[in-house]
Amino acid sequence: MSLENLVKINQLKHHVTNVEEVQRLLAAAQRNLADSQSETISDETRFDAAYKAIMQCAMVGLLANGYRPSTTTPGHHQTMIQSLDQTLGVSKDVWIVLDALRKKRNLNDYSGDLIEPGAVRDCIAQADALLTTTQRWLKQHRPDLAP
């Protein structure tokens, strides 16, 4: 579904961003990624920090393309992840993995399911890769928003 179609069904809203907004999110994603690598905190907290970095990168992708999620409509995390192919050129294979991590996070948050160490490593690796992709995409497509 196109980004404009997502606006029509109230999943996204138009938004004009600026370099400060984008840079704050990138800095937060970098901090969260660094926190996720600390082995002195629980696997759940590490997973959450890496997942948060993924969401911050996905938000940057939307903002850089003139959109933001509608947080009044359920499913905005899913919309952000599934829009990555259109916002940052992420392959469908990658966003399917990211969506699986979203589902794992939901199970942990709402059912208390444990986060296994392998899932933590996967989430950290995906967050790191997406942050690199986001920075590269900005430099190529929106240098006005890049550091």
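Q: Angles under 35 degrees count as roughly parallel, over 145 as roughly antiparallel, 65 to 115 as roughly perpendicular and the rest as oblique. Which of these words fits α3 and α6?
A: Quick heads-up: this is a predicted model, where local features need pLDDT of at least 70, side-chain atom pairs count only at pLDDT 80 or more, and totals for chains, interfaces and linings use all residues. Residues are numbered from 1 along each chain as its sequence is written, and side-chain values use heavy atoms, leaving out hydrogens and water. The axes of α3 and α6 sit 11 Å apart, at an angle of about 135° (axes are lines fitted to C-alpha atoms, for helices over the stretch in contact, and angles run from 0 to 180 degrees between N-to-C directions). That's why α3 and α6 count as oblique.

Q: Which residues of α3 make the contact with α6?
A: Contact here means heavy atoms within 4.5 Å. On the α6 side you'll find L98, L101, R102, K104, R105, N108 and D109. By class, the whole contact has five nonpolar, one polar and six charged residues (Ala, Val, Leu, Ile, Met, Phe, Trp, Tyr, Cys and Pro count as nonpolar, Asp, Glu, Lys and Arg as charged, and the others, Gly among them, as polar). The α3 side brings E44, F47, D48, Y51 and I54.

Q: Is L98 buried or exposed?
A: L98 belongs to helix α6 (helices are DSSP runs of H or I, at least four residues, numbered from the N terminus). L98 touches I54, I81, L84, Q126 and L130, leaving out residues up to four places away in sequence. Buried means under 20% relative accessible area, exposed over 50%, partly exposed in between (1.4 Å probe, protein chains only). The relative accessible area of L98 is 1%, so L98 is buried.

Q: How far apart are the C-alpha atoms of L98 and I54?
A: Along the chain, L98 and I54 are 44 residues apart. In space, their C-alpha atoms are separated by 8.1 Å.

Q: Which element gives the most residues to the largest nonpolar core?
A: A nonpolar core is a set of buried Ala, Val, Leu, Ile, Met, Phe, Trp, Tyr and Cys residues joined through side-chain atoms within 4.5 Å. The largest one has 42 residues, and I54, L130 and L138 touch the most other members. Two or more residues come from each of α1 (3–8), α2 (19–36), α3 (43–64), α4, α6 (92–111) and α7 (117–141). With 13 residues, the top giver is α3.

Q: What is the relative accessible area of R102?
A: R102 is in helix α6, and beyond four places in sequence it touches Y51, H77, Q78 and I81. R102 counts as buried because its relative accessible area is 9%.
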